[in-house]
Amino acid sequence: MLLENKTAIVTGGSRGIGRSICVALAKEGANVVTCYASGADAANETVKMCEEYGVKAIAIKTDVANGAEVADMVAKVKDEFGSIDILVNNAGITKDNLMLKMTEEDFDAVIDTNLKGAFLFTKNVSKIMIKQRAGKIINISSVVGVRGNAGQANYCASKAGLIGMTKSVAKELASRGITCNAVAPGFIETDMTAKLSETVVDEMLKTIPMKTLGKTEDIANLVTFLASEGARYITGQVICVDGGMAM
Ligand code: NDP
C-alpha cells in the first residue's frame, strides 16, 4: 500500500470528487479526515466507505472559509492522529452568472470558499508539515482556471488564484520537504455538473477530444499518486485531467 500510516485531510469529502479522493487514499492505507458544509449524512457515508479499508476516518463539520473553524479542525486532527501528511484542498462551490449580472455577494462567496479556504488550510497544516519536514499539498483547481469560461468569472478567478497559490507555496516550502501541486479537472460527472442543461453538456462534449465526461475516480487516481513517494520530485505543477480539453 502506498500510504500506510499516513494521515490525510481532504476538504469537501461528503460528495463527488472529494468523496472519491477520500476512498482512494483510504484504499492505499491512509487515515482520512474530511469536512463538509452541511451534508452530515453524506459525509458519514464517506467515512463508512473509508473504514471498509481498515483505516481510521472521521468527518468534521467545518466551513473552509472560516479561519477559526479551520484552525480548530486542524488542531483536532493533529491531537488525534499525531501527524498530518497529506492535505487535499478540494471543497468548492459555483455561483455562475455573466459578469454584468454577478452580485458582489456571489463573487465573494466563491472566492472565500474556493481560494481563501485553501489558504486557511494550507497555512494551518503547513506549520505542522514544516515541523515534520515532510508533506504533500494538493489543490483541486480546474481547467477553467487555466482557460477562463464565460459566466464563471468568480469561479475561474478562484481556480486561477489556486494555481498562483500552488506555485508560491511550492517555492516557499520545497526546502522543507513539502510538495504542492494542483490538479485541474475538466468536466467531471458530479452534483456540480449535474446542474447544467443538456445543451450546455452537449456543447462541452464538443470541446473534449475524448468525447466523454470524466469520472471522480480519474481525479482521485492522480491525487493518490501525487500524495505518494512516487511523486517526491514533482512540485509546483498544474496537471489537467480532462480528456484533452485544455490542450
Ligand atoms: P460537489 O458540489 O459535488 O461537492 C462539493 C463539496 O464541497 C461537498 O462535499 C461540499 O459539502 C463541500 N463544500 C462546499 N462548500 C464548503 C464549505 N464552505 N466548507 C466545507 N465544505 C464545503 O463538487 P465536485 O465534487 O464536483 O467538485 C470538487 C472540487 O473539484 C471543487 O473544488 C470543484 O471546483 C472542482 N472541480 C470540479 C469539476 C467538475 O466537473 N465537477 C471540474 C473542475 C473542478 P456539502 O456536501 O456539505 O455541501
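The following questions and answers go through some charged, buried and exposed residues of a predicted model.

Reader: What makes Lys-206 and Glu-203 a salt bridge?

Author: The closest N and O atoms of Lys-206 and Glu-203 are 2.9 Å apart. A salt bridge needs a side-chain nitrogen of Lys or Arg within 4 Å of a carboxyl oxygen of Asp or Glu, so the pair qualifies. Lys-206 and Glu-203 are 3 residues apart in helix α8, which means that about one helical turn separates them.

Reader: Why is Lys-206 called exposed, and why is Glu-203 called partly exposed?

Author: Lys-206 has a relative accessible area of 55%. Exposed means over 50%, so Lys-206 is exposed. Glu-203 has a relative accessibility of 43%. Buried means under 20%, and partly exposed covers what lies between the two cut-offs, so Glu-203 is partly exposed.

Reader: How do you know that Lys-56 and Glu-80 form a salt bridge?

Author: The closest N and O atoms of Lys-56 and Glu-80 are 3.5 Å apart. The limit is within 4 Å, so this pair counts too. Lys-56 lies in the loop between α2 (40–51) and β3, and Glu-80 in helix α3, so the pair ties together parts that are 24 residues apart in sequence. Lys-56 is partly exposed, with a relative accessible area of 42%. Glu-80 is partly exposed as well, with 44%.

Reader: What about Glu-189 and Lys-215: what makes their contact a salt bridge?

Author: The N to O distance between the side chains of Glu-189 and Lys-215 is 4.0 Å. Since the rule asks for a distance within 4 Å, the pair is listed as a salt bridge. Glu-189 is in the loop between β6 (178–185) and α7 (191–194), while Lys-215 is in the loop between α8 (198–206) and α9 (216–226), so the pair ties together parts that are 26 residues apart in sequence. Glu-189 is partly exposed at 48%, and Lys-215 is partly exposed at 48%.

Reader: How many salt bridges does the rule give?

Author: The count comes to 6 salt bridges.

Reader: Why is the group of Lys-78, Lys-123, Lys-127 and Lys-131 called a positive patch?

Author: These four residues form a positive surface patch. Lys counts as positive, so the sign of the patch follows from its members. Helix α4 (residues 104–132) gives the most to this patch, with 3 residues.

Reader: What makes Lys-131 fit for a patch?

Author: Lys-131 is in helix α4 and has a relative accessible area of 75%. A patch residue needs over 30%, so Lys-131 meets that condition. The value is also over 50%, so Lys-131 is called exposed.

Reader: Which residues form the negative patch, and why is the patch called negative?

Author: The negative patch is formed by Asp-63, Glu-69, Glu-104, Glu-105, Asp-108 and Asp-112. Asp and Glu count as negative, so the patch is named accordingly. Helix α4 gives the most to the negative patch, with 4 residues.

Reader: Why can Asp-63 belong to a patch when it is called partly exposed?

Author: Asp-63 is found in the loop between β3 (57–61) and α3 (67–81), and its relative accessibility is 37%. The patch rule asks for over 30%, whereas exposed means over 50%. Asp-63 passes the patch cut-off and is still partly exposed, because the two rules use separate limits.

Reader: How do you know that Thr-34 is buried?

Author: Thr-34 lies in strand β2 (residues 31–36) and has a relative accessible area of 2%. Buried means under 20%, so Thr-34 is buried.

Reader: What makes the pair of Gly-13 and Thr-34 a polar contact?

Author: The backbone nitrogen of Gly-13 lies 2.9 Å from a polar atom of the Thr-34 side chain. A polar contact is a pair of N or O atoms within 3.5 Å, so the distance fits.

Reader: Is Val-10 buried or exposed?

Author: Val-10, in strand β1, has a relative accessible area of 0%. That is under 20%, so Val-10 is buried. Val-10 and Leu-87 are 77 residues apart in sequence, and their C-alpha atoms are 6.0 Å apart in space.

Reader: What is notable about phi in Asn-5 and Arg-133?

Author: Phi of Asn-5 is near 65 degrees, a positive value in a residue other than glycine. Arg-133 is not a glycine either, and its phi is positive at about 55 degrees. Asn-5 sits in the segment before β1 (7–11), and Arg-133 in the loop between α4 and β5 (135–140).

Reader: Why are Asn-5 and Arg-133 called exposed?

Author: Asn-5 has a relative accessibility of 68%, and Arg-133 has 53%. Exposed means over 50%, so both residues are exposed.

Conventions. Residues numbered from 1 in each chain as written. Predicted model: local features only at pLDDT ≥ 70, side-chain atom pairs only at ≥ 80, totals over all residues. Heavy atoms only, no water. Patch = residues over 30% accessible without salt bridge, like charges linked within 9 Å, V, L, I, M, F, W, Y side chains within 5 Å. Areas by Shrake-Rupley, 256 points an atom, 1.4 Å probe, with all protein chains shown as cover. Charge placed at Lys NZ, Arg CZ, Asp CG, Glu CD. Helix = DSSP H or I, 4+ residues; strand = E, 2+ residues; numbered from the N terminus. Buried < 20%, exposed > 50% of the residue type's maximum accessible area, 1.4 Å probe, protein only. Polar contact = N/O pair within 3.5 Å; in protein donor to acceptor, adjacent residues only side chain to side chain.
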